[in-house]
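Got a minute to walk through a model together? Have the sequence and the 3D view open, and let's take it piece by piece.

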Amino acid sequence: MPGSLGFVLIAMATNPAHNKEILIFLLSSIGLIVLPHVYHLHWGVFGYFCFLLAWRFVGIWKPERLPTFPVILLLIVSGMAILYVQHRGFLGRDGGTSLFVIALGLKLMEIKTERDLYLINYLAFIVAASQFLYEQSILMAAYILFVTCVLLAVLVYINSYVAQTSVALKKAAVIIAQAVPMAIVVFILFPRVEAPRWLLFNDDHQAKMGLSDSMEPGSITDLGMSDELVFRVKFAGAIPPAKQRYWRGPVLTQTNGKKWTQASDLSYQKYLDKLTYMGTPYQYTLLMEPQEKNWVFALDMPADYPKPLERNANYQLLTSDNLDKRSEFKLVSYPTYNTGYLTKTEFKDARHLPGEPSENIKQLVAQLHGFDSPPDVFINQLLNHFREEDFHYTLTPPLMEENPIETFLFETRYGFCSHYASAFVYLMRVANIPARVVTGYQGGEWNAVGNFLEIKQADAHAWAEVWLDKQGWVRFDPTAAIAPERIEKNIDIARLVPGGLISYAAPSAGAQATFDFLKKARQLWSNVDYNWQRWVINYNNTNQASFLSSFGIADFKTMVYWMMGIVGIITAILSLFLLYRRPKPTDPVLIVYNRFLKKIAKAGLTKKPGEGARDFAERIKSKLLSQAATIEQITDAFIDQRYGRNPTGRGLIELNRLIILLKL
């Protein structure tokens, strides 16, 4: 077949499915795509895929080691067995993702034609998208964008018959850059469709660290060193002082002397007195991280809250929203309030004791005037007792298996907030004063970059509520008596020492500078992540309607018109850019070859439009017989560099040398 057209068709006849460079590029990109699933999928599924991927890599250099049809059939059966054993089926998030990962691995074992490469590539896009079912952070989004670019580069690589990975990656990056503006417009304007709850697959929740619906002395210490984020709060106006930042969670009223649990019957809610609020309210937006429980930790006491939130009999907020995603709520809370009278059920539960108190307990209550003075006097006496006696606040208190409250009060005197709260409430009940334990979080670290609070598991806390006449339930925190710094200052997790007392001593100047730098960097990143979660991940139909209404887009029809108009403008701009830009011979091979064409043009011979390099050479050789051999060498060198699979810098130098030697 004459000319360069014949050369191209011969190159296209080579099956890219058997090209080593293409296979290495493809398999490497597949490995990058599945890699993050090591944290999500069962080790059996991930290990099975890695085994298949490694086997296919070996097959690049030793094709005879690839499995035959009976072995492939056995691998398919094995993969299905692993899926069934680990997930009990193929549905749901974990089961479906595992199915696609195993299918991708099995498909790698039967690459025979170019069609198989396309099928694997498209399947890999699905596996890449499945990462967002597990994690939606900005880092994961950047990683998925990167692997998407690699997948597009594989497609470019397959369809270009020049083995240049850098060129393929560059073209893929250009394609993505051209698509990003249109993707942003569609993301903002396309109607948000949220699936009904009954359509969501119910996978078992992965275990998450957090507060429990029960408490034993020392249980909250498990969270004391955890840097895991629980929720973030952005205030619309004034920010409450640290000593008022109590984020209300489960209220525990039942106890067996060691373990505290929530009341099983909250039907008395309809008999509760009406809450009265006093003082200046705090308005804030609370962004909850995914969790296992349907608890929302509002600033004590929540007064105004949106659907789907509701408040139970213990004034704790609960949500019926999806717990596996971040949820944002706009709340209003009052720091000063009065809950009113006490119902009969509350009175009974808040005075319950598991048995007869010991003589030591009775003597302590009598000594502090718990039996012969008003409740407020006894409360002050007890707080002074914690403050003046040899009590200590520590992350790792000694183990107290038997009679933990009595052991803590009279023997160890080393405890965490749960020890102080449970002992305080128990002594209140011995004095016949209604009291209960409240768990939640206290404090929070201020992010000066984004102007919001970050509440972490290390801020988990327990305090007490005592019912007082004409005041209702009143918060008392015995931890503040022994360690007021815990309430008035935020815990710096980086400086906590396991096994030691909680210290707030100032570090050296050098250490402080390092801490400040790292803290600033972490807060900067936290601010980026916070805005990503609010404006991208939580961009649901409610937030979309609120955002678009500020631009006068209030109905579906207007939204569609805007989207079609902007997409049309972007398409027109890209089309003009692609159609009317001047072609620039940036390829060094073309630049050198153009020098040859200019030299030949001086002899009155020009290359016709659409004429191949080989055809042009055959035409001019008959007119330049003395230079026919050189022209043949130049043409061969150009075709080898321009269309060959392995162009080299040395070959380009040789082409340039031959053109210089050409004398007309």
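Below are some questions and answers on this structure.

This is a predicted model, where local features need pLDDT of at least 70, side-chain atom pairs count only at pLDDT 80 or more, and totals for chains, interfaces and linings use all residues. Residues are numbered from 1 along each chain as its sequence is written, and side-chain values use heavy atoms, leaving out hydrogens and water.

Q: Where in the chain is confidence lowest, and where is it highest?
A: Confidence here is pLDDT, the predictor's own score for each residue, from 0 to 100. The chain averages 82, and 86% of the residues score at least 70. Helices (DSSP H or I, at least four residues) and strands (E, at least two) are numbered from the N terminus. On that numbering, the low is helix H1 (residues 3-13), with a mean of 33, and the high, at 95, is S21.

Q: How many contacts beyond four places in sequence does the model have for residues 493-505?
A: Contact means heavy atoms within 4.5 Å. Over residues 493-505 the pLDDT stays under 50. The number of contacts beyond four places in sequence is 31.

Q: How are H2 and H3 oriented, roughly parallel or roughly antiparallel?
A: Axes are lines fitted to C-alpha atoms, for helices over the stretch in contact, and angles run from 0 to 180 degrees between N-to-C directions. Angles under 35 degrees count as roughly parallel, over 145 as roughly antiparallel, 65 to 115 as roughly perpendicular and the rest as oblique. Helix H2 (residues 20-34) packs on helix H3 (residues 43-61) at about 170°, with the axes 10 Å apart. So the pair is roughly antiparallel.

Q: How do the residues in the contact of H2 with H3 divide by class?
A: On the H2 side, the residues include Leu23, Leu27 and Val34, and on the H3 side they include Phe49, Phe57 and Trp61. For the classes, Ala, Val, Leu, Ile, Met, Phe, Trp, Tyr, Cys and Pro count as nonpolar, Asp, Glu, Lys and Arg as charged, and the others, Gly among them, as polar. The split is eleven nonpolar, two polar and two charged.

Q: What is the handedness of the crossing of H19 and H20?
A: The axes of helix H19 (residues 588-601) and helix H20 (residues 613-621) come within 13 Å and cross at roughly 25°. That makes H19 roughly parallel to H20. A crossing is left-handed if the near helix is turned anticlockwise from the far one by less than a right angle, and right-handed if clockwise. This one is left-handed.

Q: Which are the edge strands of the five-strand sheet?
A: Strands pair if DSSP finds at least two bridges between them. This open sheet pairs antiparallel in the order S9-S3-S17-S20-S21. Pairing on one side only, the edge strands are S9 (298-299) and S21 (472-476).

Q: Which residue in S9 is the bridge partner of Trp247?
A: Strand S3 (residues 246-252) pairs with S9 in the antiparallel sense over two bridges. Trp247's partner in S9 is Leu299.

Q: Which residue does a cis peptide bond join to Asp300?
A: Omega at this bond is about 15°. The residue sits in the loop between S9 and strand S10 (302-304). Asp300 is joined to Met301.
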